[in-house]
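Student: I should like to learn how the side-chain features of a model are read. May we take them one at a time, with the structure in view?

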Amino acid sequence: MRMLHLLLPSIAMAQTWSTHTLEYNAATRTYMKYVPTSAGNGMMMFFHGQFMDASIRNDFQVQTYADQFGFVGVVPLGTPYFGGYEWNVDSATGSNEVAFAHLVVNEVVAADSIPPDKPKIMLGF
């Protein structure tokens, strides 16, 4: 019984992913965010590949590394495309994904008080 009592505080303190939406280009866009207890070293944004989704956070082990290095982990979803998601990078008539990424960065920086001198890194496929 005593052992169970000692484990409960660590279970209650476990961090989880949260889902966020914002309106962009006449559409509701989504990103997932993980804020570790020790956040303070900036943010890293992980982009999925074509037809993939935010589950890449598991493949990239975002939560593990965010906990280890103290950064906010962000995984945005691209534009819906044939049952998956993609990043429009060369169609003038499609969504401006670079502008969307900047909106996500600005929202996360403001919401999580990330100082201007801390890195904001983007990577992925």
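Tutor: Let us begin with a salt bridge in this predicted model. Lys33 forms one with Asp112, their closest N and O atoms being 2.7 Å apart.

Student: Which parts of the chain does the pair of Lys33 and Asp112 link?

Tutor: Lys33 belongs to strand β2, while Asp112 is in the loop between α4 and β7, 79 residues apart.

Student: Are Lys33 and Asp112 buried or exposed?

Tutor: Burial is read from the relative accessible area, and the cut-off for buried is under 20%. Lys33, at 7%, is buried, whereas Asp112, at 24%, is partly exposed.

Student: How many salt bridges are there by this rule?

Tutor: The count comes to two. In the other entry, the side chains of Glu97 and Arg29 meet at 2.8 Å, N to O. Glu97 lies in helix α4 and Arg29 in strand β2, so this pair ties together parts that are 68 residues apart in sequence. Glu97 and Arg29 are both buried.

Student: Where does the charged end of Arg29 sit?

Tutor: It sits over the ring of Phe100, 3.9 Å from the ring centre. Arg57 likewise lies over the face of Trp17, at 5.2 Å from the ring centre.

Student: What describes a pair of aromatic rings?

Tutor: The distance of the centres and the angle of the planes describe such a pair. By the rule applied here, there are six aromatic pairs. One of them joins Phe46 and Phe71 in a tilted arrangement, with 6.4 Å from centre to centre and 35 degrees between the planes. Phe46 is in strand β3 and Phe71 in the loop between α3 and β4, so the pair ties together parts 25 residues apart in sequence. Phe46 and Phe71 are buried. Phe47 and Trp87, by contrast, form an edge-to-face pair, 4.9 Å centre to centre with 80 degrees between the planes. That pair links strand β3, which holds Phe47, to the loop between β6 and α4, which holds Trp87, 40 residues apart. Both Phe47 and Trp87 are buried.

Student: In which sense do strands β1 and β2 pair?

Tutor: Strand β1 (residues 17–24) and strand β2 (residues 27–34) are antiparallel, over eight bridges. Within this pairing, Glu23 stands opposite Thr28 in β2. The hairpin has two residues between the strands, and Asn25 takes a positive phi near 55 degrees.

Student: Which residues does Glu86 touch?

Tutor: Apart from residues up to four places away in sequence, Glu86 of strand β6 touches His48, Gln50, Gly78, Thr79, Tyr81 and Glu97.

Key
Residues numbered from 1 in each chain as written. Predicted model: local features only at pLDDT ≥ 70, side-chain atom pairs only at ≥ 80, totals over all residues. Heavy atoms only, no water. Contact = heavy atoms within 4.5 Å. Pairing = 2+ DSSP bridges. Salt bridge = Lys/Arg side-chain N within 4 Å of Asp/Glu carboxyl O. Buried < 20%, exposed > 50% of the residue type's maximum accessible area, 1.4 Å probe, protein only. Phe/Tyr/Trp six-rings, centres within 6.5 Å; stacked < 30°, edge-to-face > 60°. Lys NZ or Arg CZ within 6 Å of the ring centre and 35° of its normal.
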